[in-house]
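Work through the following exercises with the sequence and the coordinates open. Each task is followed by a solution in steps.

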Amino acid sequence: AVLRELRRLRSTAPRDDADVAAKGDRPAESGALSQTGSPYWRSIARLGVGVAEALQYAHDAGILHRDIKPSNLLLDTRGTIWVTDFGLAKLQDQPDLTRDTDIIGTVRYMAPERFEGRCDTAADVYSLGLVLYELLTLRPAYGLTERQQLIREIARHGPPRPRELDRSIPQDLETVVLKAVAREPADRYRSAGDFAADLRR
């Protein structure tokens, strides 16, 4: 439902700054994301803020979600996004009940360190980054379907830059998403709240 609504918005959105000016939209305010005349890009950023703030709330309570993916995000008729399915969640200070070699969750949206048995708030930030990447490009960051090949690809390589796939994606929004999906946890946002703050900007 989220992807369907955003595709509809995108099909009716101005494609570049020239289109925005032709339609008489006001220019973006100073400090705003580039090309904010497009309701599609604004919608993605707004949805990202909602999920990131929900994750920050969970993290503040000591809970890791561990399975952020499109099907666990529900958009209601008022445009509010809900984070669902905490079935794989765990308390941050509790050990996993599985072996380090067990992979729990949806591989396509897992952070690389998850394959080494490490998981903290940075892994949830990464997963949300991959969801937003998919909403930006309308394709998964990693397209492989065979499980072991997919794990190797995520562990070894980052996804292509979104603007390599679609030049109309605002550069500022691309930068925010790429920071969230950095392969090294230390290179990502320090918290989901920081991620939300940059998306809001």
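A salt bridge is a side-chain nitrogen of Lys or Arg within 4 Å of a carboxyl oxygen of Asp or Glu. The structure is a predicted model, and a search of the whole of it finds 7 salt bridges.

**Exercise 1. Salt bridges and exposure**

Test the pair R118 and E116 against the salt-bridge cut-off, and classify both residues by accessibility.

Step 1. The closest N and O atoms of R118 and E116 are 2.8 Å apart. The cut-off is 4 Å, so R118 and E116 form a salt bridge.

Step 2. Buried means under 20% relative accessible area and exposed means over 50%, with partly exposed in between. R118 has a relative accessible area of 43%, so R118 is partly exposed. E116 has 54%, so E116 is exposed.

Step 3. Repeat the procedure for R201 and D198. Their closest N and O atoms are 2.4 Å apart, and the two form a salt bridge. R201 counts as exposed because its relative accessibility is 54%, whereas D198, at 24%, counts as partly exposed.

Step 4. D67 and K69 also meet in a salt bridge through their side chains, at 3.6 Å from N to O. Here both D67 and K69 are buried.

**Exercise 2. Aromatic pairs**

Find how many aromatic pairs the model has, and assign a geometry to each.

Step 1. Two numbers are needed, since a pair of aromatic rings is described by the distance of the centres and the angle of the planes. The count comes to 2 aromatic pairs.

Step 2. Y40 and W41 have ring centres 5.0 Å apart and planes at 75°. Planes over 60 degrees apart count as edge-to-face, and the pair of Y40 and W41 is edge-to-face. Y40 is buried, with a relative accessible area of 0%, and W41 is buried too, at 4%.

Step 3. For Y189 and F195, the centres are 5.1 Å apart and the planes are at 15°, so this pair is stacked. Both Y189 and F195 are buried.

Step 4. Y189 has a further partner: the charged end of K179 sits over the ring of Y189, 5.2 Å from its centre.

**Exercise 3. Fold outline**

State the secondary-structure content of the protein and its order along the sequence.

Step 1. The protein has 8 helices and 4 strands. Read along the sequence, the pattern is α-α-α-β-β-β-β-α-α-α-α-α.

Step 2. Of the contacts between residues at least 6 apart in sequence, 65% join residues at least 24 apart. An example of separation in sequence is A54 and G193: they are 139 residues apart along the chain, and their C-alpha atoms are 9.0 Å apart in space. A54 lies in helix α3 (residues 39–60) and counts as partly exposed because its relative accessibility is 31%.

Step 3. Take E174 next, in helix α7 (residues 171–180). Leaving out residues up to four places away in sequence, E174 touches R161, P162, R163 and I169. E174 counts as buried, since its relative accessibility is 2%.

Step 4. For the whole protein, buried residues make up 45% of the 201 residues. The exposed area is about 10,700 Å², and carbon and sulfur atoms supply 48% of it.

**Exercise 4. Positive phi**

Place D85 and L138, two non-glycine residues with positive phi, in the chain.

Step 1. Phi of D85 is near 55°. D85 lies in the loop between β3 (81–83) and β4 (90–91), and D85 is partly exposed because its relative accessible area is 43%.

Step 2. Phi of L138 is near 60°. L138 is in the loop between α4 (121–137) and α5 (147–156), and with a relative accessible area of 29% L138 is partly exposed.

**Exercise 5. Confidence**

Where is confidence lowest, and where is it highest?

Step 1. The mean pLDDT of the protein is 82, and 75% of its residues reach 70 or more.

Step 2. Confidence is lowest in helix α2 (residues 17–22), at a mean of 37, and highest in helix α8 (residues 192–200), at 98.

Step 3. Over residues 16–37 pLDDT stays under 50, and the model has 26 contacts beyond four places in sequence for this stretch. Over residues 97–101 pLDDT also stays under 50, with 3 such contacts.

Conventions: Residues numbered from 1 in each chain as written. Predicted model: local features only at pLDDT ≥ 70, side-chain atom pairs only at ≥ 80, totals over all residues. Heavy atoms only, no water. pLDDT = per-residue confidence, 0-100. Contact = heavy atoms within 4.5 Å. Phe/Tyr/Trp six-rings, centres within 6.5 Å; stacked < 30°, edge-to-face > 60°. Buried < 20%, exposed > 50% of the residue type's maximum accessible area, 1.4 Å probe, protein only. Lys NZ or Arg CZ within 6 Å of the ring centre and 35° of its normal. Areas by Shrake-Rupley, 256 points an atom, 1.4 Å probe, with all protein chains shown as cover.
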